[in-house]
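The following exercises concern charged side chains and helix packing. Each task is followed by a worked solution.

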Amino acid sequence: MYGDFFRLALICALGTLLIVAAITDLRSRIISNRLNLIVAALAPLWWIACGLPLWPDVVAQLGAGIVVFAIFAGLFALGLMGGGDVKLLGALALWFPWQILVSLLVLMALLGGVVTIVTVIDHKLRKRQGQAEIPYGVAISIAALWVLGEQYLNHFA
């Protein structure tokens, strides 16, 4: 009973943080380090609430976080992603098993394309100077909320 309540509270906390990340990225093109740190810091509580064993599950989650962060840090180095986006993805990788993480990344890529198209069109319609800054945190957050809802809230999926 208490374990279910604790897991639901953590899901709600993560959902709230994802909504905040999307809104702040949309408004200012920044996802704060503090928000990303909170997402990452809540992951061990999630592991405990789900009863994940240290070996191999927790180790796999840590490995996934490192791999995802490293891959997207490479994209950041190429100027293709923002630093807050990379940190958010690394923190989210700590929450999801690899199968769900792959779904999140595929969905994020598809949504990212839509966000990019909408942002570029808006940029051109408003006749803004320079290159459009893509709020990719919106796509990341929506994808994470989607898989979070499918995996943990939709018991019929």
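A salt bridge is counted where a side-chain nitrogen of Lys or Arg lies within 4 Å of a carboxyl oxygen of Asp or Glu. The model examined here is predicted.

**Exercise 1. Determine how many salt bridges this rule gives, and identify the residues that form a network.**

Step 1. Asp122 and Arg126 satisfy the rule, with their closest N and O atoms 2.7 Å apart.

Step 2. Asp122 also meets the side chain of Arg128, at an N to O distance of 3.8 Å. Asp122, Arg126 and Arg128 are thus joined in a network of salt bridges.

Step 3. Consider the accessibility of the three members. A residue is called exposed over 50% relative accessible area and buried under 20%, with partly exposed in between. Asp122, at 29%, is therefore partly exposed, and so is Arg128, at 44%. Arg126 reaches 52% and is classed as exposed.

Step 4. Asp4 and Arg7 form a further salt bridge, with 2.3 Å between the closest N and O atoms. The count comes to three salt bridges.

**Exercise 2. Explain why the positions of Asp4 and Arg7 in helix 1 suit a pairing of side chains.**

Step 1. Asp4 and Arg7 are three residues apart in helix 1, which means that about one helical turn separates them.

Step 2. An α-helix has 3.6 residues a turn, so residues three or four places apart point the same way.

Step 3. Both partners are partly exposed: Asp4 has a relative accessible area of 47%, and Arg7 has one of 25%.

**Exercise 3. Asp25 is buried; establish which side chain of opposite charge is nearest and what the side chain of Asp25 reaches instead.**

Step 1. Locate the residue: Asp25 belongs to helix 1, which covers residues 2-28.

Step 2. Test for a salt bridge. The nearest side chain of opposite charge is that of Arg29, 5.8 Å away, and Asp25 has no salt bridge.

Step 3. Look for a polar partner. The side chain of Asp25 comes to 2.6 Å from the backbone nitrogen of Gly137.

Step 4. Complete the surroundings. Leaving aside residues up to four places away in sequence, Asp25 touches Ile30, Ile31, Asp85, Pro135, Tyr136, Gly137 and Val138.

**Exercise 4. Assess how far helix 4 is enclosed by the rest of the structure.**

Step 1. Helix 4 comprises residues 83-93, eleven in number, of which nine are buried.

Step 2. The buried positions are Gly84, Asp85, Val86, Leu88, Leu89, Gly90, Ala91, Leu92 and Ala93. Asp85 is also among the residues that Asp25 touches.

Step 3. Because nine of its eleven residues are buried, helix 4 is largely enclosed by the rest of the structure.

**Exercise 5. Describe the span of helix 3, its packing and the residue that follows it.**

Step 1. Helix 3, residues 54-77, contains 24 residues and extends 32 Å from its first C-alpha to its last. That span is close to the 34 Å expected at 1.5 Å a residue.

Step 2. Its buried residues are Val58, Gln61, Ala64, Gly65, Val68 and Phe72.

Step 3. These buried residues of helix 3 pack against helix 2 (33-50), helix 4 and helix 5 (98-125).

Step 4. After helix 3 comes Gly79, with a positive phi near 80°.

**Exercise 6. Find the C-alpha separation of Leu8 and Tyr152.**

Step 1. Leu8 is part of helix 1 and, at 42% relative accessibility, is partly exposed.

Step 2. Although Leu8 and Tyr152 are 144 residues apart along the chain, their C-alpha atoms are separated by 8.6 Å.

Conventions
Residues are numbered from 1 along each chain as its sequence is written. This is a predicted model: local features need pLDDT of at least 70, side-chain atom pairs count only at pLDDT 80 or more; totals for chains, interfaces and linings use all residues. Side-chain values use heavy atoms; hydrogens and water are left out. Helices (H or I, at least four residues) and strands (E, at least two) are DSSP runs, numbered from the N terminus. Buried means under 20% relative accessible area, exposed over 50%, partly exposed in between (1.4 Å probe, protein chains only). Lys and Arg count as positive and Asp and Glu as negative; His and the chain ends are not counted. A polar contact is a pair of N or O atoms within 3.5 Å; within protein, one must be able to donate a hydrogen and the other to accept it, and residues adjacent in sequence count only if both atoms are side-chain atoms. Contact means heavy atoms within 4.5 Å. The expected span of a helix is 1.5 Å times one less than its number of residues.
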